[in-house]
Amino acid sequence: MGILIVDDAVFVRADISRKLKQNDFTVLGEAGDGLEAIEKYQELKPSVVLMDITMPKMDGVTAIKEIKKIDPNAKIIVCSAMGQESFVMKAIQAGAKSYIIKPYKTERLIEEIIKVQLHQ
Amino acid sequence: MNTDGLDVEDLCLFLEETKEQIEKMEEELLKLENGQEDEESIHCIFRMVHSIKGSSAIMGFEKMTSLSHALENLLAKIREKEMHIDLSVMNISFYAVDLLREMYTNICEGTECNTYIDDILEQINHTLRQDKSHKNAKEEHPSAKEVSSTHKIEIVFDEDVEMKCIKAFQINEILSQIGTISKTTPADFIQVSDENFGDTLVMLFYTEEEDEKIYKQIHSISQLKSVSIKKLQRDTLDKMNEGEKIQENYISKEKSTIRVDINKIDKILNLVGEFITDKENLNQISLHLKKVYKNDVQIHKLLNTLSHINLIGTQLQDIVMSTRMLPLENIFKRFPRMVRDLSLKCNKEIDLIIEGSETEIDRGIIEELVDPITHLLRNAIDHGIEEKHERIQKGKKPIGNLKLSAKSEERHVVITLSDDGCGLDVNKIKRKVLEKGIATEDKLNNLSDKDILYYIFEPGFSTATKVSDISGRGVGLDVVKSNIRQLHGMIDIQTDKGKGTSFIIKLPLTLAISQALIIKEQEYTFALPVYNIIEILRIKNSYTDKRIHKVGEIEIFHWREEAIPLIRVEQYFKIDNLLPTNKASIIIVAVAERKFGFVVNKIVKEQQIVIKSIGDFVGQNKLLGNLEDISGVSILGDGTLAYIMDISSVSRNFNQ
């Protein structure tokens with residue numbers, strides 16, 4: 001069970017990574033934009049992707065679509081800021097399995113990760 | 001099929017909604033085929049099918065559910081881009097729409113739904129099976145025998161759920177994979193903000209799956225506090241539909257209108273008709289009384305009251321008429337589909353442009369227009385518009401244009417159908433007329449080209465060299481003429497050889513009541529619809545007037561620098577002239593753009609008449625025999641029978 005963290009803020013990536021590791025999750029890698037996310041996905045084959053929406057080079061929604069093309073079974077959780085309903089909706093329609101709104105508690109994140117892994 | 005125990009109101013809502021959905025589906029399918037819209041159209045069609053599936057399941061129309069379910073499977077593949085839209089998919093979809101409409105009609109008529117759907121289900125499954133990625137097509141195909149069931153699902157969200165609309169959307173998506181959601185509360189949840197959402201989502205869900213499977217699907221979504229699934233019994237469902245909020249989005253639509261049985265409106269119209277006849281009668285009696293009791297106070301009161309009754313009568317009539325008006329869209333919308341099918345059959349590419357479909361006309365007329373317009377469209381596609389290669393050779397655009405337009409003009413509606421095809425060939429028509437022995441060469445030589453064109457409306461006439469199954473049996477245009485005449489309408493042809501043909505149909509706004517000029521010729525009374533009249537002139541002596549000249553057999557009247565042929569009503573209708581009189585009036589009338597004058601002996605007055613059709617009594621071996629040129633009768637206030645002149649028919653017969 002490995003996780004890929006996609007976010008353009010290094011701090012956010014580091015924070016999530018640390019919290020997940022504390023809870024015995026394996027963080028396989030990190031990506032700073034959509035393009036990198038696609039590369040890392042193919043390289044690392046993570047079981048869950050945490051995907052930010054607003055990012056340089058390629059946004060999260062486009063990245064989700066591309067990853068879904070490569071692997072229709074990819075399990076992606078969208079991480080969005082408040083008030084971005086329309087983007088979250090697009091991400092869900094693009095194939096994201098779930099969403100989580102920043103700022104969130106670690107338990108919520110863990111709950112989502114477990115949920116998407118349990119259900120095919 | 002079982003509709004027992006269902007509320008009539010529910011059924012009405014269901015029917016109304018389903019009708020709209022079927023029509024919308026067809027409309028979007030046409031767009032899709034024309035390549036106008038792609039994804040949005042597919043989504044739209046999908047939503048329509050999905051919703052028909054759900055609501056028909058609730059109503060217990062199993063065949064409709066089975067077919068829409070199968071169609072939905074097919075559309076899902078297309079939506080997911082796992083399958084391409086090709087001609088066979090389009091044809092299956094159109095066929096399915098036809099069948100859905102047939103079922104709809106059956107339900108409307110309260111008859112058992114006999115629609116045979118096994119074939120189409122097999123076709124859909126065959127198409128799905130061909131698609132390799134679809135391994136389990138057969139499993140997805142629901143059989144009408146399977147037990148279907150509707151569940152009421154109540155989902156309570158955790159307190160801290162954000163973006164509830166998206167959560168609801170996820171649940172909606174995930175359940176749609178295993179069944180159909182027919183109704184939700186909140187209804188349009190995508191639009192509902194978190195503050196207004198509350199914490200509960202209620203869904204009516206139809207599926208063949210076990211409860212366990214439903215739970216499993218729903219629980220793949222996070223942050224749900226509780227999920228309850230209740231299987232609904234038929235009567236529970238009915239009660240729920242009656243009272244619960246779940247229907248509120250339907251009811252709110254109905255706020256400002258009520259549905260009224262059309263029979264009631266027709267009855268009101270009939271009563272208004274009789275009221276108007278009596279009113280005219282009262283007016284006549286009062287005129288007589290006025291002369292006799294000039295100085296009586298009561299008479300003045302009577303006259304005052306009568307003038308008020310006249311006012312009310314007019315308003316009453318206008319209002320009742322307006323309730324009977326329907327936009328032409330009601331029939332125009334079925335033509336794109338027809339044109340599509342026919343042009344495919346003829347191997348021609350044709351664009352149909354529809355304009356002015358919002359134009360309103362009496363509902364009694366509207367249905368009668370379907371046949372004539374259908375025939376004219378068929379004719380245009382089959383004979384008018386050339387095949388692609390021929391068009392290219394002639395330097396025309398390869399895609400043919402057909403334009404169907406409507407507009408209101410004072411008291412009538414003008415419908416025009418134009419094509420940019422080869423136009424009508426007068427010489428060809430002449431040859432055909434002679435060949436079929438419809439008229440002699442002598443007669444044809446005396447006719448203008450325009451008059452010759454009208455032979456295409458003659459029974460037994462067909463210019464197509466080969467008979468096709470679309471048109472060309474020589475029955476079509478004959479029907480056009482008789483139907484339009486039945487409606488007191490006029491039809492005109494404009495054609496430009498090589499460039500195209502226009503058929504112009506002019507119709508009265510309403511059939512039942514009309515303003516007419518009452519004319520008396522000896523003991524016969526005629527009514528002339530005023531909308532045809534341009535001007536009325538009184539002349540001292542119709543035999544010596546200098547403006548009248550004889551050209552061959554025909555009398556010509558010089559009027560405003562135009563030469564207008566005259567018809568002496570007396571002679572035309574072969575009425576014995578018992579009391580010869582020279583005084584006369586000339587009534588100038590127009591039919592489409594043709595003008596001619598009626599010479600009449602006595603104009604009585606202008607009044608409203610209630611038209612009674614005599615269609616059933618006219619014709620060979622019928623009660624009244626061949627009564628050409630008379631389109632109906634009306635009983636006047638004093639009990640006289642007035643013959644309503646069919647001016648378009650007179651004009652045609654006169655010219656021949």
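Helices in this report are DSSP runs of H or I with at least four residues, numbered from the N terminus. The model described here is predicted.

**Helix 2 of chain B**

Helix 2 of chain B covers residues 39-59. At 1.5 Å a residue, its 21 residues should span 30 Å, and the end C-alpha atoms are 30 Å apart, which agrees. Because 16 of these 21 residues are buried, that is, under 20% relative accessible area, helix 2 of chain B is largely enclosed by the rest of the structure. After the helix comes G60(B), with a positive phi near 85 degrees.

**Strand 13 of chain B**

Strand 13 of chain B, residues 524-529, has 5 of its 6 residues buried, so the strand is likewise largely enclosed by the rest of the structure. Strand 13 pairs with strand 23 of chain B (residues 641-645) in the parallel sense, over 3 bridges. One of the bridge partnerships joins F526(B) to Y643(B) in strand 23.

The burial counts of the two elements are set out below.

| Element of chain B | Residues | Buried residues |
|---|---|---|
| Helix 2 | 39-59 | 16 of 21 |
| Strand 13 | 524-529 | 5 of 6 |

**Cavities**

The structure holds 3 cavities of 30 Å³ or more, and the largest has a volume of about 80 Å³. Its lining includes H488(B), M490(B), P529(B), Y531(B), M645(B) and D646(B). By class, the lining of the largest cavity comprises 5 nonpolar, 5 polar and 1 charged residues. Domain 4 (328-508) and domain 5 (513-655) of chain B each contribute at least three residues to this lining.

Terms used. Residues numbered from 1 in each chain as written. Chains lettered and ligands numbered in written order. Predicted model: local features only at pLDDT ≥ 70, side-chain atom pairs only at ≥ 80, totals over all residues. Heavy atoms only, no water. Helix = DSSP H or I, 4+ residues; strand = E, 2+ residues; numbered from the N terminus. Expected span 1.5 Å × (residues − 1). Buried < 20%, exposed > 50% of the residue type's maximum accessible area, 1.4 Å probe, protein only. Pairing = 2+ DSSP bridges. 1 Å grid on protein atoms, 1.4 Å probe; cavity = no way out; pocket = protein on both sides within 12 Å on 5 of 7 lines; lining within 4 Å. Points joined across faces, edges and corners; volume = space filled by probe spheres on them. Nonpolar A, V, L, I, M, F, W, Y, C, P; charged D, E, K, R; others polar. Domains from an automatic or database assignment.
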